Structure formats: C-alpha cells, structure tokens
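Reader: I should like a close look at one part of this model, namely the ionic contacts between side chains. Please set them out pair by pair, and then describe the surrounding framework of helices and strands.

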Amino acid sequence: MERPEILMTPGPTPVPAEVLLAQGGPFPYHRGPRYTNLLTDVTEGLKRMMKTENDVVLFAASGTGGLESVVANLFSPGDKVIVPVAGYFGERFAGIAKAFGLDVVQLDFEWGSAVPPEAVAEALQQHADVRAVLVQHSETSTGVIHDIEAIGRVTKEAGVLLTVDAISSLGAVPYEGDAWGIDVGVGGSQKALSATPGLSFVSISPAAWKAYETATCPRFYFDWKKYTEAFAKDGDSPFTPALSLMLGMRVAIDLYFDEGPEAVLERHRLLSTAVKEGCRALGLDIAAEFPERAWAVTQVAAPEGIDGTELVARCRKDHGVILAPGQGPLKGKVFRIGHLGQYDRLDILRGLAAIEMTLGDMGYPVKPGAAVAAAEAVFQKG
C-alpha cells in the first residue's frame, strides 16, 4: 500500500481538511447571487490580506498566469522594464516580459543573494524611459526575501511602477501592499494560504490602471478590465470560474483570519527558526542571504560528498517526506525545505528527523536526534 506523502516543499503546501471538505460541497451557479457572495468574500478577504484598498481580480490559473497578466495589462511591445534576477522565478518574470516583446534590462545577481535596492536605483538612473520594475518578494527557488519596502522607496522616487511576485511570500512574511507602494501584487492559492492549486490573484493600483489604458500588449483571458467590469455589471466573472477551488479558498482565508495575521506571521517565524537551527545542529549551512527573514523556505547547502538532489529523492523514497531540490545552477548543491502554510511544530520535527536519518544512511556523520533537539529548544524558548 502506498503511504501518503508528506509535503515539505515551497508549494503546493498541505491543504487542511476544512478546505477540502468545502471543495467537495455543492457549488453555486456562477451567474447568480450566491456566486456574487462567494466572489465578494474571497476578493475582500484577499484585499485585507494584501493590505490594500486597490482592486483585486482573481483568475483560474497558476501563479504564473498572474505574472503574465502583469505584462499583458501594463505594457506595450518595446516598453523598457527592469527585472532583477536572483533565481529561477526572476528568470521566469524576465522570460514573460521578453515573450511579449518588452525591452528587458535584466539585473543578474548570484542565486541565493538578495537584490540590493541600491542596484535597482542605479539601474533606474542609468536607463531612461523605464516603465516599471518587476521583482520577486520571495524568490521561491532560493528562499531569499527581497527588501520590497526599500525597493518601493526607490521606484516611488523614480516615478515608475512596482510590480511584485508575492506568490510564496504573502501570508508567510510581512507584506504591506499600499504602504510599500506596490502597484501590482501577484499571489497564488497554493502557498501560505494552504488552499488547492489553481487560483491566482492580482492587486491593481490606480497608477497601474492608468498604464493599462495605453498598454497594447495582446490580452484576452487575462484582461483585468473584463473581470472588474463583469463584477460591477452583474456581480460575476467574465468566464466560468473554478467554483470548487473558490469555495475552498474562502475557507482558507477564514482560517487565516481566525488565527490572526500577526499570529500567522509569528508561527512562520518560529517554524523557520526551528528548521534553520535544526539544520545547523547537523553541521549544515543555510545557503541564502538574510536567512533570518526567510520565513517561507529554507535553502540548505548539501554537505561535501552528498548530492542534494539524491538526498531529496531518498528522503521521499525512504520516509515519504518530500523536500525540494535545488534549481538551475544550484541543482545538486542544495536542497530546500518549505515551511509556509498550515504547518505546526510536529511537522517540523518529523521533517528534520527524516533529513537526519537520510543523511546518516548516505554516510554523513550524524548525531541522532541533534536536529530535533535543536528545533525543540527553539520551540521551548518561543
């Protein structure tokens, strides 16, 4: 009999039973008042979560669909944008922009490093007619959290739009949509909210709407105005929505606010600290800059003589615990532990124990229980 696999990845994250049960119930007709209530509940909850008064639209799509909507709605072919790249998803944002014919100024940084706000400021000074900066908040491929608050000050001073991929950060680390000057923020259902994959959402500032009016990149399904106009006219969506996923999403948002935003952040901080201290107790290095603010994902350097991708595969095969391998130039050199979403202390202890045993089986010298004991010490301290 196959055992259930235990997700400790950067996403998708484990989905609570309450969310799954809601998805299994009857769904409303999408051209009626019950759907209007559902869509209102979800979008208003997301606005509260994103700390914004701006419009929020919801797509049946992966987070990448939300990123594509940013490029399609804000720009025209030939527009110049700055895209800092310090990981796989920075590359993806740049790739989308290039696919739509934008003039991409790509700022490349070492994978595992944080984007320096001063480098963004320097690029804005060097390049004329830049329309926007497209950047990750959490670079999921490395676990690094970029300083969006500081980058927001830079873009505000330069008078350009700030568009932020917050897919793996929202709900796991501090995020202040309006206060940080975020013109477009993109989120996804399958990360810190612990809802089922398949929904993305986008917040849109007045400045972003102004850019929309002159943008000529092709768009149809991801046309923001289709969604806001459909809701304003009839209280619904322009296309058939993912009704079951939205029922689950409403419950996931309720769970988030029932726990309380500050309590959710504190839980993520604590679990992140425990993971990192557990790994350090095994003599492992945290392979990312500013690990103290990486509350969503921890990237760990594979010890000498151990292939990180093989470690991930053996941990899954032997213990049913799924970690994430390194990506791009870090493949084989690191492994990643996800702790965003509905995790608790015992999940962390179980995951660390699986890593301990796997490393031991691969010939790495391990003191049994060292990682678990270090994590327990963090929990006792609080």
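Author: A residue counts as buried under 20% relative accessible area, as exposed over 50% and as partly exposed in between, using a 1.4 Å probe and protein chains only. By that scale D236, with a relative accessible area of 7%, is buried. The model is predicted, so local features require pLDDT of at least 70 and side-chain atom pairs count only at pLDDT 80 or more, whereas totals for chains, interfaces and linings use all residues. Residues are numbered from 1 along each chain as its sequence is written, and side-chain values use heavy atoms, with hydrogens and water left out.

The whole structure contains 17 salt bridges (a side-chain nitrogen of Lys or Arg within 4 Å of a carboxyl oxygen of Asp or Glu). In one of them, the side chain of D236 meets that of R31, with an N to O distance of 3.4 Å. D236 belongs to the loop between α8 and α9 (243–259), while R31 belongs to the loop between α1 (17–23) and α2 (33–50), so this salt bridge ties together parts that are 205 residues apart in sequence. Such elements are DSSP runs numbered from the N terminus: helices are H or I, at least four residues, and strands are E, at least two. In contrast to the buried D236, R31 is partly exposed, its relative accessible area being 36%.

Another salt bridge joins the side chains of D41 and R250 at 3.0 Å, N to O. This pair also links distant parts of the chain, since D41 sits in helix α2 and R250 in helix α9, 209 residues apart. Both partners are partly exposed: D41 has a relative accessibility of 39%, and R250 a relative accessible area of 26%.

A local case is the salt bridge between the side chains of E310 and R314, at 3.8 Å, N to O. E310 and R314 both lie in helix α11 (residues 308–319), four residues apart, or about one turn of the helix. An α-helix has 3.6 residues a turn, so residues three or four places apart point the same way. E310 is partly exposed at 38% relative accessibility, and R314 is partly exposed at 27%. Elsewhere, R219, D223 and K226 are joined into one network by salt bridges that share partners.

The surrounding framework includes an open sheet of seven strands, in the order β2-β10-β9-β8-β5-β3-β4, with mixed pairing (two strands pair if DSSP finds at least two bridges between them). Its edge strands, β2 (55–60) and β4 (103–108), each pair on one side only. Within the sheet, β5 and β8 run parallel and are joined by five bridges; A132 has L161 in β8 as its bridge partner.

These two strands also help to enclose helix α6 (residues 148–158): β5 (130–136), β8 (161–165) and α5 (117–126) are among the elements that cover its buried residues, where contact means heavy atoms within 4.5 Å. The buried residues in α6 are I148, A150, I151, G152, V154 and T155. Just after α6, G159 adopts a positive phi of about 75°.

A further enclosed element is strand β11 (residues 297–301): four of its five residues are buried, so the rest of the structure largely encloses β11. β11 pairs with strand β14 (residues 334–338) in the antiparallel sense over five bridges, and T298 stands opposite I337 in β14.
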